Amino acid sequence: MRPQWQRHRLAQDRLAETAEDLLGKGFRLGLVAAHDDGSAFRVVYLFLAGWPDRRVELECVVPKDVSAIRSLAYLSFAASRFEREMADLYGIRCVGHPKARRLVRHAHWPEQWYPMRGDAAAVPEFDAAGRFPFVTVEGPGVYEIPVGPVHAGLIEPGHFRFSVAGETVLRLKARLWFVHRGVEKLFHGRPAGAAVELAERVSGDTSVGHALAHCLAVEDALGMQLPDEAHRLRALLVELERLYNHAADLGALANDVAFGLANAHAQRIREELLRLNAAVTGHRLLRGAIRPGAVTLRALPDVAALRRIADDLAEIAELTLHNTVVYDRFAGTAALHRDDAQALGCLGYVARASGMRTDARVEHPTVALPVTEVGAAAGDVLARYTVRRDEFAASTDLACHLTESHCGPITYEVRVPAPQMPRSGIGIVEGWRGTIVHRAETDAAGRITRAKIVDPSWFNWPALPVAMADTIVPDFPLANKSFNQSYAGNDL
């Protein structure tokens, strides 16, 4: 299914006007990618809209002796954060940005080292001194609670600072990027057909989603076409990934309010699904099944097992919500209102639980699928729980449909063509957390010259502090788990 594509190279004085027009027509900003072309910088803005699938790229050249571009932060909160990232990693200033403070770079980063530049020196000593300037909330009885960045168990590092009066949260600030890995830089110079293993490791629990988005971007850049049957097999793998993650989250949410029995059974179901994944692809996390131009399965999933698991999980969810203590802790807690979710550009189950309609399977489809759209309106922990529960049932139905309707081989492979010239491509996938977007550029030798990755967590992390306003400190673990954003997917 071919999207409607437009690409425009604009002078800086036309950028804001064109972006404002697109946003006014219902487009959203999907990504901003800076490029070091040697003689100049180039900044690409991707705007997306669904129903039908529309994609518009705006491109501006930024002279290196100026290294500045007009900010679009007044139009879009997402733009403000992309611009701060760009300033940290490329040194491109965004003129007119209202809060042009650091985003990725912590205080110990060297001042004039911009790692994404083509001429960036080897990694220097990270020995600078300084502190992150948190906003101090003052008033009678107000105090601060710092949490992290080191947490118990397997949680990745993130610092949360609460300004509190009594137990009521007045302000929450989240500080991330403690594990910035330079993932996008690692793609540079890799053959376009041989970088999917890196994409699978962007965020480990979303191996299929990121692998598929990367492959779609490469295939788009190289002009590759796969048959619908191959796209349907790929869609099946995405649904299997959605299932085991949603099952784990439903159990973890129950566990956070001390209903450990539900969590034990949800983890049992997750293990069943991981074993099913291994039977389908040879890997519990479904790795290795999707490559540029290819999809390879060992077997189709057992439909009877999927339906039995779905019935099992539905019973666990019903028992969980019929527990009055659990229900009372979920209902009304950490509500994210629709207007706030929309202004922040939220995606996935976070957005759908707040009444937004967003799903890349219907907005940006690669093949027609009978997707059952799921949603809620309250935006609280209960809504984020029930959306996951309902998505599990809908995803099971879709996976069973894709399995039962499949005919033909379960392996497809199209030869990766030799490139003729530098090209770019976009890959969009509805991962289990929400819409994933990858953009790839290749050179005439078929090597990746730039990879831009946007996990839905990039858009959803800022919503957590908003939802925590006027809640109480003991509800933070529950609220945080109801969002369950990826640190790794954000801290590229």
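A residue counts as buried when its relative accessible area is under 20%, as exposed when over 50%, and as partly exposed in between (1.4 Å probe, protein chains only). The structure here is a predicted model, in which local features need pLDDT of at least 70 and side-chain atom pairs count only at pLDDT 80 or more, while totals for chains, interfaces and linings use all residues. Residues are numbered from 1 along each chain as its sequence is written, and side-chain values use heavy atoms, with hydrogens and water left out.

Let's start with the whole chain. It holds 17 helices and 15 strands, where helices (H or I, at least four residues) and strands (E, at least two) are DSSP runs numbered from the N terminus. The radius of gyration is 22 Å, close to the 23 Å that the globule rule gives for 492 residues, so the chain is as compact as a globular protein of that length. That radius is taken over C-alpha atoms, and the rule itself is 2.2 Å times the number of residues to the power 0.38. Laid along the principal axes, the C-alpha atoms fill a box of roughly 70 × 65 × 45 Å. Of the 492 residues, 56% are buried. Contacts (heavy atoms within 4.5 Å) tell a similar kind of story: among those with a separation of 6 or more, 67% come from residues 24 or more positions apart.

Next come the parts. An automatic or database domain assignment sets the bounds, giving domain 1 (4-95), domain 2 (142-175) and domain 3 (183-455). The centres of domains 1 and 2, taken over C-alpha atoms, are 33 Å apart. UniProt, in an unreviewed entry, lists residues 29-120 as "domain: NADH:ubiquinone oxidoreductase 30kDa subunit"; its positions follow the numbering used here, feature names are shortened, and annotations may be inferred rather than shown by experiment. That span is 15% helix and 37% strand, and its end C-alpha atoms lie 28 Å apart.

Now for a closer look at strand β8, residues 159-165. Six of its seven residues are buried, so to speak of it as mostly covered is fair. Two strands pair if DSSP finds at least two bridges between them. Strand β7 (residues 142-147) runs antiparallel to β8, and six bridges join the two; V147, for instance, has F160 in β8 as its bridge partner. Strand β9 (residues 168-175) also pairs with β8 in the antiparallel sense, over seven bridges. There, H159 is matched with R175 in β9. The hairpin of β8 and β9 has two residues between the strands, and G166 takes a positive phi near 70 degrees in it.
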